[in-house]
Amino acid sequence: MDLSTRIGPLTLKNPLIAASGCFGYGVEYADLVDLSTLGAIVVKGLFLAEREGHPAPRIVETPAGMLNAIGLQGIGVHRFVEEKLPELRARGATVIVNVCGTTLDEYVEVSRILSDAEGVAALELNISCPNIKEGGIQFGCSLNGTFDVVSGVRKVTRLPVIPKLTPNVTDVATFARAAEEAGADGVSLVNTFLAMVIDVETRRPKISNIVGGLSGPAIRPIAVRMVYECRQTVKIPILGMGGIADARDALEFMIAGADAVQVGTANFVDPLIWSKLLDGLADYLQRHNIARIADLVGSIDIRARDQEWISS
Ligand SMILES: Cc1cc2nc3c(=O)[nH]c(=O)nc-3n(C[C@H](O)[C@H](O)[C@H](O)COP(=O)(O)O)c2cc1C
């Protein structure tokens, strides 16, 4: 049974990837999870410099999900390369770095530094974080901005370039197309949905940033629809995510068109989810007599219900 999947020039041993911001820098989980068994790890978003993020409270639970406005707290790209990358390398992890920027130049500079470092497998460009004032989502909500960040980074790296798209737009597939035209090797989707939660007793927002990003099972059907729409529009690989909490959820994204899947919020519920997900995928392939998981990608059957009845 072949669980491997390809993201442009990069082959992953399986399609299960830890989503950015929900798995630290990977090393924090090393005592619990054998990092080399994951398809890849996307580390927390990195700017050039360290960042403190927003003050607490930064997280609140919601029905079937959570709202966060961390504000991209992070150690900066230089400390990551010096302090975290060597251990990730030693543990055999496939490392994708989530690249952030307040300006186009910052995306390019962070990407250039990471391209010179040993042990980075791909760059995921975070043009979709809803929780920062400058950069990020401003690029991801503009077709020109998306094109410019991808093509700017493309020029300075030979690593696979994977922009991460925001769902906070009307037609996400046009953004996937802009990314493809700019030379992206794949697209990740979705980042979190802009949302807010209010405490009615105090009439105060429940997180300090007032608004934040919604993640978890609550967003899954919307994310699946967006992956499906992008699959109809672009040929490059898709890394799908949004509320995956078990193997069936992961399969749903792959059948809709995702070549790989990322798992974020579920890590906070069950950090040991990875072996269950992998076993669930293998079990499905066996039950359905499918030799290669790649054959499942985009295999959704959209015949009309009456045709289904006639042919069966
Ligand atoms: C606490 C938290 C921090 C996050 N930090 C990042 C980040 O640094 N960069 C990024 O691109 N996405 C970040 N995300 C978004 C996730 O990677 C993912 O796109 C989103 O949560 C949807 O997947 P999920 O429902 O499986 O969590 C963060 C999400 C959460 C909940």
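Me: Where does the ligand sit in this model?
Reply: The ligand sits in the largest pocket. Keep in mind that this is a predicted model.

Me: Which residues come nearest to the ligand?
Reply: Start with the shell of residues around the ligand. There are 23 of them, and Ser20, Lys164, Gly216, Gly243 and Thr265 come nearest.

Me: How many of the shell residues are nonpolar, polar or charged?
Reply: Sorted by class, the shell has 7 nonpolar, 14 polar and 2 charged residues.

Me: Which strands each supply at least two residues of that shell?
Reply: Look at strand 4 (40–46) and strand 6 (65–68); each of them supplies at least two.

Me: Which polar side-chain atoms should I look for beside the ligand?
Reply: Look for pairs of N or O atoms within 3.5 Å, the cut-off for a polar contact. Lys164 has a polar side-chain atom 2.8 Å from an oxygen atom of the ligand, and Lys44 has one 2.9 Å from an oxygen atom of the ligand. With Asn98, the partner is a nitrogen atom of the ligand, 3.0 Å from a polar side-chain atom. As for cover, the ligand taken alone exposes 610 Å², and the protein buries 97% of that.

Me: Let's stay with Asn98. Is Asn98 buried or exposed?
Reply: Under 20% relative accessible area means buried. Asn98 has 1% relative accessibility, so it counts as buried. You'll find Asn98 in strand 7 (residues 95–99), and its side chain also makes a polar contact with the side chain of Glu124, at 2.8 Å.

Me: Where can I find a cis peptide bond?
Reply: Check the omega angle of the peptide bond. One cis bond joins Ala56 and Pro57, with omega about -5°; Pro57 is in the loop between strand 4 and strand 5 (59–62). The bond from Leu189 to Val190 is also cis, with omega near 15°. Val190 belongs to the loop between strand 10 (187–189) and strand 11 (193–195).

Me: Which residues other than glycine have a positive phi?
Reply: Leu72 is one of them, with phi near 55°, and Asn289 also has phi near 55°. Leu72 lies in the loop between strand 6 and helix 1 (76–90), while Asn289 is in the loop between helix 9 (273–287) and helix 10 (305–311).

Me: Why does Leu72 count as buried, and why does Asn289 count as exposed?
Reply: Use the two cut-offs: buried is under 20% relative accessible area, and exposed is over 50%. Leu72 has a relative accessible area of 5%, so it is buried. Asn289 is at 72% relative accessibility, so it counts as exposed.

Conventions:
Residues numbered from 1 in each chain as written. Predicted model: local features only at pLDDT ≥ 70, side-chain atom pairs only at ≥ 80, totals over all residues. Heavy atoms only, no water. Near = heavy atom within 4 Å. Polar contact = N/O pair within 3.5 Å; in protein donor to acceptor, adjacent residues only side chain to side chain. Areas by Shrake-Rupley, 256 points an atom, 1.4 Å probe, with all protein chains shown as cover. 1 Å grid on protein atoms, 1.4 Å probe; cavity = no way out; pocket = protein on both sides within 12 Å on 5 of 7 lines; lining within 4 Å. Sits in = over half its atoms within 2 Å of the grid points. Helix = DSSP H or I, 4+ residues; strand = E, 2+ residues; numbered from the N terminus. Nonpolar A, V, L, I, M, F, W, Y, C, P; charged D, E, K, R; others polar. Buried < 20%, exposed > 50% of the residue type's maximum accessible area, 1.4 Å probe, protein only.
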